[in-house]
Amino acid sequence: MSLVKKFATVASGTLMSRVFGLTREMLMAAALGTGPVADAFNAAFRFPNTFRRLFAEGAFNAAFVPLFAKEIEANGMDGAKRFSEEVFGVLFSVLMALTIIMELSMPLIVRTVIAPGFVDDPQKFGNTVSMAIIMFPYLACMSLAAMMGGMLNSLHRYFAAAVAPVFLNIILIGVLAYAWYAGHDGIAIGYGLSWGVMAAGLVQLTIVWFAVRKAGISIGFRRPRMTANVKRLLVLALPAAITGGITQINLLINTNIASGKEGAITSLANADRVYQLPLGVVGIAVATVLLPELARALRSGNLKEAGNLQNRSVEFILFLTLPAAAALLVMSEPIIRLLLERGEFTAESTSRVANILAIYGLGLPAFVLIKAFIPGFFAREDTKTPMIFAAVSVVINIAMALTLFPILAETGIATAEVTAGWVNAILLFATLIWRGHWGRDIPLLTRIPRLIIAAAIMALALSYAIKWAEPYLVAQAPVHVQAAGVFGLIFMSMVIYFALAFGSGGASLGMIRRNVKRRAKAPEPPAENP
């Protein structure tokens, strides 16, 4: 299967999740706005969600996948099954203990880690604690699901793990629809969403468990023991968890800081949901596929193929994220107004969230490039170097957020996130070059400036077009008129960008067919039918 097809398989599932997530955010914004219940839910959900990405997605995609793939090659499916059972026994036991400790400590955690700014509002603080207690078991479900998703990725079965997150958003949309039908107030909606998150964790775990069984591996529970394989996994997973979840670490820190201003947490969460659409579709697809492919090429000693995989992935990322970043920078306000401004979500909320989204647009290429650079370290079982760079970016983020928040409020926090992301990306890329792990690729070097120029011209044209289309984009215009205006501008931008990119040689259909396509050297297991 070609890289493009593998990217598309993962991206299709991620796109479904992001579209449903955006729909969920639209309904939540209408129901809760940026008020205290929205702040409480978003702060409470941030905690298990951060742990999930730190210790589940980041750690296991980085540490578990190469070791599981190595076990398949060395000892076949029986060895892989034994290894997965050893890991499952330890992981399950640790998660149960962690869940119990966190549930009992939640008031202290909310007061000191999640949202210290809520302490002065007893009702808001109490709701945040209660919602966090309800949602925290979601972490255990998703950590086990991430392990099984890593197994599926190693077996070239990408769809089930990519599509499972869709069900979180489907369930929460169902909760919001029922709340609207039944006329629930804000508090009832917040608690309904919390129980929906818990239910979604169980559903997602069930989906990937059945997919792993279908792939031919039935995981049984083994008494937790620190075997050599488990020790090796832990050595790799701890720094990988910190590195892979660097964005989440920054978001958790920023949630803590933002709790000092009413509505700031929800404004950041709303902007994050919109920019996660391009970030998730491109970034997660590339990171999920690139790590096992790169690890396989390096184990076989094919350095040329490994270099080609890295360069083509960066080419693919920049080709898609540069125009997305330019569009978010220029037309963030019409996008937010169309998606969110209704019900409890006011014009003031639109302005706040749009400013954050424009800043996030500047960081979009960096956040996605990080996902392409990190596999170059993880595939070589080096998880410490990216961890050091992650720590540097966290320090930069904290220093800038604390400095800028009193001056710029939530936009200062967004600026700190973006700056830290670019520093992290530059350090990763420079180190890969310095170590000789990133070969010079003339076609890539000649295409990047052309893609940047194409995106810049597109942004300039779009800014003029927005002024012309202003009557169709204002809040007083009907929703269908606003939608026609926004999608018309997006279509115009796509035409301009792709015409310039292909016309200038920044991209070509022949390049995509020749360079991104990659045939496996050995027969792959049968592909999973979506």
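**Helices, aromatic pairs and confidence**

Reader: Which helix does Thr431 lie in?
Author: Thr431 is part of helix H15, which covers residues 410–434; helices here are DSSP runs of H or I with at least four residues, strands are runs of E with at least two, and both are numbered from the N terminus. This is a predicted model, in which local features need a pLDDT of at least 70 and side-chain atom pairs count only at pLDDT 80 or more, whereas totals for chains, interfaces and linings use all residues. Residues are numbered from 1 along each chain as its sequence is written, and side-chain values use heavy atoms, with hydrogens and water left out.

Reader: Buried or exposed, that Thr431? And what does it touch?
Author: Thr431 counts as buried because its relative accessibility is 10%, where buried means under 20% relative accessible area, exposed means over 50% and partly exposed is in between, with a 1.4 Å probe and protein chains only. Leaving aside residues up to four places away in sequence, Thr431 touches Phe377, Thr385 and Phe389, a contact being heavy atoms within 4.5 Å.

Reader: Which aromatic pair ties H12 and H15 together?
Author: That is Phe373 with Phe429, Phe373 lying in helix H12 and Phe429 in helix H15, so the pair ties together parts that are 56 residues apart in sequence. The two rings are stacked, at 5.2 Å centre to centre and 20 degrees between the planes; by the rule used, rings of Phe, Tyr and Trp (its six-membered ring) pair if their centres lie within 6.5 Å, and planes under 30 degrees apart count as stacked, over 60 as edge-to-face and the rest as tilted. Phe373 counts as buried at 5% relative accessibility, whereas Phe429 is partly exposed, with a relative accessible area of 30%.

Reader: How many aromatic pairs are there by this rule?
Author: The count comes to 11 aromatic pairs. One of them is Phe41 with Phe45, which is stacked at 5.8 Å centre to centre with 20 degrees between the planes. Phe41 and Phe45 are 4 residues apart in helix H2 (residues 36–114), which means that about one helical turn separates them, and both are buried. There is also one aromatic cluster formed by Phe319, Tyr497, Phe498 and Phe502.

Reader: Back to H12: what span does it reach, and where's the kink?
Author: Helix H12 (residues 347–373) has 27 residues and reaches 39 Å from its first C-alpha to its last, close to the 39 Å expected at 1.5 Å a residue, the expected span being 1.5 Å times one less than the number of residues. The kink, of about 45 degrees, lies at Gly363, shortly before the proline Pro365; the bend is the angle between axes fitted to the seven residues ending there and the seven starting there. Of the 27 residues of H12, 21 are buried, so the helix is largely enclosed by the rest of the structure.

Reader: Different topic: where is confidence lowest, and where highest?
Author: Confidence is lowest in helix H19 (residues 509–516), at a mean of 53, and highest in helix H3 (residues 122–135), at 93; pLDDT is the predictor's confidence in each residue, from 0 to 100. Over residues 518–530 the pLDDT is below 50, and this stretch has 22 contacts in the model beyond near neighbours in sequence. The chain averages a pLDDT of 81, with 82% of the residues scoring at least 70.

Reader: And how many helices and strands in the chain?
Author: The chain has 19 helices and 0 strands, and buried residues make up 57% of its 530 residues.
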